[in-house]
Amino acid sequence: MFSFGKKEEAELAEVFDQRRPSNVEAMNQQHRKSVSNRGLTGASALTVKQSIFPITLVTILFFLWGFAYGLLDVLNAKFQNSLGITAAKAGGLQGAYFGAYLIGPPTYSGWIVRKSGYRWTFITGLCIYGVGALMFWPSAVYRSFGGFCGSLFIVGSGLSTLETSANPFIATCGPPRLSEFRLEISQSFQAIGSVMAPLLASRVFFKETDPTDLSNVQWTYLGIAAFVFLLAVVFYFAPIPEVTDADMALQAEQCSGLTGYVDKPLKKQFKLFFGVAAQFCYVGAQVGVAAQFIKYSVESANISDAAGSDRYAIGQGLFAIGRFAAAGLMMVMKPRWVLLAFMTGVMIFICASMGVKGEGGVAMLSLVLFFESCVFPTIFTLSIRGLGRHTKRGSSWIVAAVSGGALFPSLTGLVADHKGYHIAMCVPLIGFAVAFAFPVYLNTLCAQELDGFRETKIGYHDEDGLAIGDIKHEERRASLVHEEKGVSPVEKQISY
């Protein structure tokens, strides 16, 4: 398990024996062929200005899978009405979607990102996503529920491949001290996609259609497929810098004075393992709450399904607002504090939702969605802090933890069938409790390491306009030291 993909990771001695390219070279090199994960590209010291365009482009991907996830619940209800299937069977859609995360990131997705680099992983993920979207057409024509599950599994495979590359790319593309902020902002647009999807579905895609008619499902996914394939072409030509594990190893060593970083084998990266467990339980709990929100609202406030859907839309809006709010807080507060504060809010309001009835209970569960907002991206970035040459492999494991979404909803639904939806919230509560232990662990045992990365100035400009941490900056600094001693850099090299 620990050795899978190891040969694509550079040894520390190998990193320092290489020629170090500059960050300008990292931006100018298009890398349209595969990139060795063991080689330096110069991307370890990218500035904010250099990273803005590639991050903006990748942020479009976050919106895409937020939109796909937002459509999932709508399609779930549509299939139930159109095919006359039970709610339990319709839950197979979520199992197919999230089950793909368990397979892809630890195997082929993680291998592609280490073997070929971010660009080709983006393109591969988009192509798989596009194929899955096209498969919805014959599934709708033949009204095959199994076909829909298979199509959604392929879509989930494509999106998990995109997440395997997009999350670590956003986290590592630019100054390391802004890592949590970048991923939080990018994932805020994923939340917007999740809000927009059900609104468009109800007002555009499925407006005034026969409840048994699936033709609009066909055209919806055909449009998505066309857009996704076009985006794959854009990613082929776009200037995307490649951040390799060798670059991350170099960056971790440069920060070691502040963080206390020491290179360790993957099997001793205990913070990563705790992060994977926390992410698995958190995502499972989050999806469990989302899957039962409407039925909970109906039970709690004695309202219709349509009114419950409106309450859920408000909750999703709060989720999107929460992500932008958390990103703002991270500019003035340490991310580990923000994560602890938001997880505390989740724990308080999920407990309250179990005891409060009426519209008050719906309000409590809506506030759970607000405080959930920052948890996934912050667990991700804090878990990969200090992984160095293991960054890509560790990232793929955290993305695989999204598969928790395939387990918790069915367990929550099972309890709801026997005890009601208020008591059923105890299942997400257990998942949230495990996730809550992670920021407690970070704030007590990992504070120095995490704060050191936040204090580093790598990727920022010095008084001469050079990027700190870049080879040009270090050559300039060495030159000044030699001049102070009355020795030219050339003479200094000769004297050795």
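Colleague: How many salt bridges does this predicted model hold?

Modeller: A salt bridge pairs a side-chain nitrogen of Lys or Arg with a carboxyl oxygen of Asp or Glu within 4 Å. By that rule, the count is nine.

Colleague: Which parts of the chain does the pair Arg389 and Glu11 tie together?

Modeller: The closest N and O atoms of Arg389 and Glu11 are 3.9 Å apart. Arg389 sits in the loop between helix 17 and helix 18, and Glu11 in the segment before helix 1, so the pair joins parts 378 residues apart in sequence. Shared partners put Glu11, Asp263 and Arg389 into one network of salt bridges.

Colleague: Are Arg389 and Glu11 buried or exposed?

Modeller: Buried means under 20% relative accessible area. Arg389, at 8%, counts as buried, whereas Glu11, at 39%, is partly exposed.

Colleague: Where does the salt bridge of Asp451 and Lys334 lie?

Modeller: Asp451 belongs to helix 22 and Lys334 to the loop between helix 14 and helix 15, so parts 117 residues apart in sequence are tied together. The closest N and O atoms are 3.1 Å apart. Asp451 is buried, at 12%, and Lys334 is partly exposed, at 24%.

Colleague: What lines the second largest pocket?

Modeller: Rolling a probe the size of a water molecule over the atoms shows where empty space is left. Here the second largest pocket has a volume of about 310 Å³. Its lining has 20 residues, with Lys264, Gln269, Lys271, Cys446 and Glu449 nearest the centre. Helix 13, helix 21 and helix 22 each give two or more residues to this lining, which divides into nine nonpolar, six polar and five charged residues.

How values were computed. Residues are numbered from 1 along each chain as its sequence is written. This is a predicted model: local features need pLDDT of at least 70, side-chain atom pairs count only at pLDDT 80 or more; totals for chains, interfaces and linings use all residues. Side-chain values use heavy atoms; hydrogens and water are left out. On a 1 Å grid over the protein atoms alone, a cavity is a set of points where a 1.4 Å probe fits but cannot get out, and a pocket is an open set with protein on both sides within 12 Å along at least five of seven lines; lining residues have an atom within 4 Å of a point. Grid points are joined across faces, edges and corners, and a volume is the space filled by probe spheres set on the points. Helices (H or I, at least four residues) and strands (E, at least two) are DSSP runs, numbered from the N terminus. Ala, Val, Leu, Ile, Met, Phe, Trp, Tyr, Cys and Pro count as nonpolar, Asp, Glu, Lys and Arg as charged, and the others, Gly among them, as polar. Buried means under 20% relative accessible area, exposed over 50%, partly exposed in between (1.4 Å probe, protein chains only).
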